[in-house]
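Colleague: I should like to understand the terms applied to this model. Please set each value against its definition.

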Amino acid sequence: SKAKDLILKLVDQGCNVKAYDPYVVPSVIREQFNVDSVNDEWFDDWVPQDKFDGLIVFSPHDEFKEKKI
(Lines give C-alpha, C1' and ligand atoms only; values in the text may rest on other atoms or scores of the structure.)
Protein backbone atom coordinates (compact mmCIF):
# COMPACT_ATOMS: atom_id res chain seq x y z
CA SER A 1 0.00 0.00 0.00
CA LYS A 2 1.04 3.61 -0.37
CA ALA A 3 0.80 4.03 3.42
CA LYS A 4 3.20 1.14 3.96
CA ASP A 5 5.61 2.56 1.37
CA LEU A 6 5.59 5.93 3.14
CA ILE A 7 6.06 4.38 6.59
CA LEU A 8 8.97 2.26 5.39
CA LYS A 9 10.59 5.28 3.73
CA LEU A 10 10.28 7.35 6.90
CA VAL A 11 11.73 4.53 9.03
CA ASP A 12 14.56 4.11 6.53
CA GLN A 13 15.32 7.84 6.94
CA GLY A 14 15.62 7.38 10.71
CA CYS A 15 12.21 8.67 11.74
CA ASN A 16 10.47 7.34 14.84
CA VAL A 17 7.09 6.41 13.35
CA LYS A 18 3.89 5.59 15.19
CA ALA A 19 0.81 4.49 13.30
CA TYR A 20 -2.90 4.52 13.96
CA ASP A 21 -5.82 3.12 12.02
CA PRO A 22 -9.20 2.86 13.74
CA TYR A 23 -10.01 -0.26 11.71
CA VAL A 24 -6.78 -2.20 12.30
CA VAL A 25 -5.71 -3.75 15.61
CA PRO A 26 -2.29 -2.64 16.91
CA SER A 27 -0.72 -6.10 16.56
CA VAL A 28 -1.49 -6.10 12.83
CA ILE A 29 0.04 -2.65 12.42
CA ARG A 30 3.16 -3.87 14.22
CA GLU A 31 3.30 -7.04 12.13
CA GLN A 32 2.66 -5.45 8.72
CA PHE A 33 4.49 -2.14 9.16
CA ASN A 34 7.06 -2.98 11.84
CA VAL A 35 6.25 0.19 13.80
CA ASP A 36 4.52 0.89 17.09
CA SER A 37 0.92 1.94 17.05
CA VAL A 38 -1.19 4.15 19.25
CA ASN A 39 -4.54 3.03 20.55
CA ASP A 40 -8.05 4.46 20.25
CA GLU A 41 -7.85 6.16 23.65
CA TRP A 42 -4.65 7.96 22.68
CA PHE A 43 -6.21 9.20 19.48
CA ASP A 44 -9.43 10.28 21.19
CA ASP A 45 -7.47 12.27 23.81
CA TRP A 46 -4.75 13.58 21.51
CA VAL A 47 -4.20 17.31 21.53
CA PRO A 48 -1.99 19.33 19.20
CA GLN A 49 0.34 20.18 22.09
CA ASP A 50 1.66 16.59 22.07
CA LYS A 51 5.22 16.60 20.76
CA PHE A 52 5.72 15.35 17.22
CA ASP A 53 7.93 16.56 14.42
CA GLY A 54 5.23 15.70 11.92
CA LEU A 55 1.79 14.24 11.53
CA ILE A 56 0.60 12.60 8.33
CA VAL A 57 -3.06 11.75 7.89
CA PHE A 58 -3.03 9.21 5.13
CA SER A 59 -6.60 7.99 5.11
CA PRO A 60 -10.00 9.63 4.66
CA HIS A 61 -11.57 7.85 7.67
CA ASP A 62 -14.33 9.92 9.26
CA GLU A 63 -12.48 9.74 12.59
CA PHE A 64 -9.68 11.80 11.06
CA LYS A 65 -12.02 14.27 9.39
CA GLU A 66 -13.72 15.00 12.71
CA LYS A 67 -10.49 15.52 14.67
CA LYS A 68 -9.32 19.10 14.97
CA ILE A 69 -5.65 18.98 14.11
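Colleague: With which residues is Ile-7 in contact, leaving aside its neighbours within four places in sequence?

Modeller: Ile-7 is in contact with Val-17, Ala-19, Phe-33 and Val-35, where contact means heavy atoms within 4.5 Å. This is a predicted model, in which local features need pLDDT of at least 70 and side-chain atom pairs count only at pLDDT 80 or more, while totals for chains, interfaces and linings use all residues. Residues are numbered from 1 along each chain as its sequence is written, and side-chain values use heavy atoms, with hydrogens and water left out.

Colleague: What makes a set of residues a nonpolar core, and which residues form the largest one here?

Modeller: The set must consist of buried Ala, Val, Leu, Ile, Met, Phe, Trp, Tyr and Cys residues joined through side-chain atoms within 4.5 Å. The largest such core has six residues, namely Ile-7, Val-17, Ala-19, Ile-29, Phe-33 and Val-35. In soluble globular proteins, nonpolar side chains tend to be buried together.

Colleague: Why is Ser-37 called buried?

Modeller: Buried means under 20% relative accessible area, exposed over 50%, and partly exposed in between (1.4 Å probe, protein chains only). Ser-37 has 17% relative accessibility, so Ser-37 counts as buried. Not counting residues up to four places away in sequence, Ser-37 touches Ala-19, Pro-26, Ile-29 and Arg-30.

Colleague: Why does Leu-8 count as partly exposed?

Modeller: The relative accessibility of Leu-8 is 42%, and therefore Leu-8 counts as partly exposed. Leu-8 lies in helix H1 (residues 2–12); helices (H or I, at least four residues) and strands (E, at least two) are DSSP runs, numbered from the N terminus. Between the C-alpha atoms of Leu-8 and Phe-33 the separation is 7.3 Å, although their positions lie 25 residues apart along the chain as a sequence distance.

Colleague: How do you know that Lys-18 and Asp-36 meet in a salt bridge?

Modeller: A salt bridge requires a side-chain nitrogen of Lys or Arg within 4 Å of a carboxyl oxygen of Asp or Glu. For Lys-18 and Asp-36 the N to O distance is 3.9 Å, and their side chains meet in a salt bridge. The pair links distant parts of the chain, with Lys-18 in strand S1 (residues 18–19) and Asp-36 in strand S2 (residues 36–37), 18 residues apart. By this rule the count comes to one salt bridge.

Colleague: Are these two partners buried or partly exposed?

Modeller: Lys-18 counts as partly exposed because its relative accessibility is 42%, and Asp-36 counts as partly exposed at 42%.
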